[in-house]
Every structure is written in structure tokens, then in C-alpha cells.
Amino acid sequence: LSGKRVLLVVTGGIAAYKSATLCRLLVKAGAMVRVAMTRAACEFVTPTTFAALSDNPVSTDLFDPLQEGRIGHIDLADSSDLFVVAPATANTLARMARGMADDLVSTTYLAFRGPVLLAPAMNVHMWQHPATRENMELLLARQDHHLVGPGDGEMACGHVGAGRVAEPEQILQAAGACLAAQDLKGVSVLVSAGGTHEAIDPVRYVGNRSSGKMGFALAAEARARGAEVTLVSGPSALPSPLGVDRVDVESAAQMAAAIKARSRTQDLIIMAAAVADYTPRDPWSTKLKKEAAGARLTLKLDRTEDILAGLGAMDPRPILVGFAAETVDNLDEVARAKMAAKGCDFLVANDVRPADAGFGTDTNRVVIYSAGGGRDPLPVLPKRAVAAKILDRALGILQKR
Ligand code: PMT
């Protein structure tokens, strides 16, 4: 979204207040945001709010004497890369579907050439009405028209069901996906993420500090670029990236089973998960009592299956990307040895000691080692940007195959 010109169209529903957050998120992502509002939207949130958040004047009228010198709706359409309607009411969707052109939003829509993202919000019965169904069918059959949400849940009107506007973060993600190059279309990608939990007893486990952020960023980026994505995740509080098939697992053994069962149908597997190397030999079936264990407790741990090494031995095998989380000074040596042992195409090594890299952080600092001997150190980047670099490299290998 960075540097992209996003037209955020706000229409008249109670969910309009959430678009203020969306506007902020778009600006934070580097987009240049213009906001257009229907008359009804101004009943819920004032244009002043959006003017302050977008740092741009807000358009509300088709015949605005201040903007008509440049024919406001044409100028707005021509100077936008993406048209996001959030929230999209039943009325606005109907008007867009039927090609009405009697206010600023409808005329700008007709004049716009580019991707359109719709985030509907309305009462469940209005959403399910055959008229709305027909309008949605018409809209989504049009080139480059995309839908995000609506979600299920309790609504402002007290009804429960489908019709809640998608969360601002989800709309942001979908907006990014609308603008991304679809260079991974037709490619099946499996990403592992998060850490595993190895049970000691029913309430305790051996685990690690992985949050899942790196793996989830890879899954979201691959999906945004058109890939079919399976995300095998250890326990993580993160929401699933849109359009990704998520498989939740707990232990290293479950992760191994989930990945192996899907490995033959993948073009690319990226092992970002921090898989436990050891698991308690005989986990207790009931909660271990201090009184029974005594002053010192010794756990016997067994090695877990090395999933990546197993994938590396497949013939034929998908493109394989390994990670290495290290706390050593001789990263080059350790990373190269690990890559050779695991048999992957390239390995992404991160020194997890600095505060801006590794576990739980939003950024990462990695060095990419390739099987051919290459070494590519990257600066500190948001995990999503690291994901993009990794996928660029994997795509290069896929194209040569
Ligand atoms: O989740 P975050 O908080 O965002 O943190 C990201 C991260 C630090 C977890 C991530 O960037 C990372 O480094 N992941 C790999 C961590 C790790 O387990 O490294 P390792 O050096 O122990 O393992 C090497 C490779 O073998 C990894 O690709 C790992 O997934 C794989 N492996 C390890 C053990 C095992 N039994 N099976 C495996 O396949």
C-alpha cells in the first residue's frame, strides 16, 4: 500500500465510525488517502474527522464549487489506485450494481478504472435479501471487484448473524491484496508458524517464545500475491490471514503429521515454525503434584522428528525454505551447516538476540543463505517485508524449475 492512492468511500451506516480506524491504518501503511462520503455517512461521522486523519480535504458533494473547476468526481477517480467502500450499505451497493450516477460516490465509481474493494455492513435480513444477493452477484462478477466480510455476530440493531462490517485490520489486508502483483497465482504454498507445545502433563508444557508473526506474515504475503496458502500453526493468538487455509496444531508430532500429509501437493514449503527439538518422554496423564514429585524434578526428553530434514529427503520434493534461530557469533558457519543438514533450497537465519529481531517482534533482521553458496544480508525490516523478499527469492527458483 505504500505510495498507493487509496480512495476510501464511507457510506451511511453505524459502522462508519470504524472507518476512522481504517483511514488511520491506511495512512500508517504509507497510502495516500482521499475520503469521499455520502450524505448519510455524514450523519454518523463528520468529514472533519476524516480530513484530520487523512490529511486531505474530504469530498461529499457532486457539485462542490471548490472542486468542480477540475470536475471533482473525475479527478477523484483518475487520481486513485484503489476504490474501497467501507462500510458499504445495501443502498450504495444497489446503486453501484445498477450504475446509478446522481451523487459524488456513484459518479466517481462509474468513472473509476481499477480495483474495487467492498466491505458491506447491514442488518442480517437486509444482507440475505434476494435484492442484495442479486446486487452482490452483479458487482462481484465485474472485473477486479473484491469482497471483504461481512462477518457474523451481534449487530447494533440487536439481531445476530451475517452483516457485521469486517474489522479495519482485515480491510487493510484485503486492500493490500487488491493491489499486489499476482505473481504467485497457481502456486501452492505451505507455511509453518509459531512454536510447538510439548506436554509435560495436561496443564504444563515445554515451549518457546515464537509468536507466529513471521510465519503469519509469510502466509499473508503469499496469499496477497495469489498463492493457495496452507498455514500450519502452533498455538498462536494471531488472527488468520484472509483466504488462508489454517491448520492448528499443538505439538511437534502433530505439526509433522499435518505437514507430511500435505507435502506432496505443495510447490513451496517454508518452515518458519520454531519446532521443539525435544519432547517429554512420558507425559503425566493427570496434573503432576509437587508432593509426589519432591524437591527436584527431572524430565526425560526425546528428540522430535526433524520435519524439514524429512522434507529435504523427498524425491521429488517441493522448493524448501528453512529458518534458523541462532544466538551465536559465527552465524555464517552455523547457518550453512544447518542448510546442508536439512537439504533446503535456502535458509533464512536470524540472530534472535537483538531487540528488533527474532521472537515476538514486528521486525526482523535476517541473512539469506542459498544452497549455491550465496549470502544476502537484509536490513531490519517489518516481518511482512522480510516475507516479500523470501517469496521473491522462492519465485525465482520456481520459475527456473
Ligand atoms: O514467530 P515469531 O515470534 O515471529 O518469531 C520468528 C522466529 C524467530 C520463530 C522465526 O524467524 C524463526 O527463526 N523460525 C525458526 C526457528 C527454529 O526452530 O529454528 P531452528 O534453528 O531450531 O530450526 C531450523 C529449521 O528446522 C527451522 O526451519 C525449523 O522450522 C525446522 N525444524 C526444527 C526442528 C524440528 N524438529 N523440525 C523442523 O523442521
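Which element gives the most residues to the shell around the ligand? The answer is β17, with 4 residues. Keep that strand in mind while we look at the whole protein and then return to the ligand. One thing to know from the start is that this is a predicted model.

**The protein as a whole**

The protein has 401 residues, and buried residues make up 48% of them. Its secondary structure comes to 15 helices and 22 strands. If you follow the C-alpha trace along its principal axes, you will find that it spans about 75 × 55 × 35 Å.

**Around the ligand**

Now to the ligand, which takes up the space of the second largest pocket. Besides β17 (319–326), the elements that give two or more residues to the shell are α10 (213–224), α13 (307–312) and α14 (331–342). There are 29 residues around the ligand, and those that come nearest are S210, S211, K338, N350 and G360. What kinds of residues make up this shell? They divide into 13 nonpolar, 9 polar and 7 charged.

Several polar backbone atoms of the protein lie a short step from the ligand, as this table shows for G212, A272 and G360.

| Residue | Atom of the residue | Atom of the ligand | Distance |
|---|---|---|---|
| G212 | polar backbone atom | oxygen | 2.8 Å |
| A272 | polar backbone atom | nitrogen | 2.9 Å |
| G360 | backbone N or O | oxygen | 2.6 Å |

On its own, the ligand has 770 Å² of accessible area, and the protein covers 96% of this.

**Two residues to visit**

Let us finish with two residues, starting with T11. This residue has its place in the loop between β1 (5–10) and α1 (18–28). Is T11 buried or exposed? T11 counts as buried because its relative accessibility is 0%, and the cut-off for buried is under 20%. The side chain of T11 also has a partner: it reaches the backbone oxygen of P87 at 2.6 Å.

The other residue is L110, which you can find in helix α6, made of residues 104–111. Why does L110 count as partly exposed? Its relative accessibility is 38%, and partly exposed residues fall between the buried limit of 20% and the exposed limit of 50%. L110 is also a good starting point for a look across the model. From L110 to D282 the distance in space is 66 Å, C-alpha to C-alpha, and the two are 172 residues apart in sequence.

How values were computed. Residues are numbered from 1 along each chain as its sequence is written. This is a predicted model: local features need pLDDT of at least 70, side-chain atom pairs count only at pLDDT 80 or more; totals for chains, interfaces and linings use all residues. Side-chain values use heavy atoms; hydrogens and water are left out. A residue is near a molecule or strand if one of its heavy atoms lies within 4 Å of it. A polar contact is a pair of N or O atoms within 3.5 Å; within protein, one must be able to donate a hydrogen and the other to accept it, and residues adjacent in sequence count only if both atoms are side-chain atoms. Accessible areas come from the Shrake-Rupley method with a 1.4 Å probe; for residues, only the protein chains shown count as cover. On a 1 Å grid over the protein atoms alone, a cavity is a set of points where a 1.4 Å probe fits but cannot get out, and a pocket is an open set with protein on both sides within 12 Å along at least five of seven lines; lining residues have an atom within 4 Å of a point. A molecule sits in a cavity or pocket if more than half of its atoms lie within 2 Å of its grid points. Ala, Val, Leu, Ile, Met, Phe, Trp, Tyr, Cys and Pro count as nonpolar, Asp, Glu, Lys and Arg as charged, and the others, Gly among them, as polar. Buried means under 20% relative accessible area, exposed over 50%, partly exposed in between (1.4 Å probe, protein chains only).
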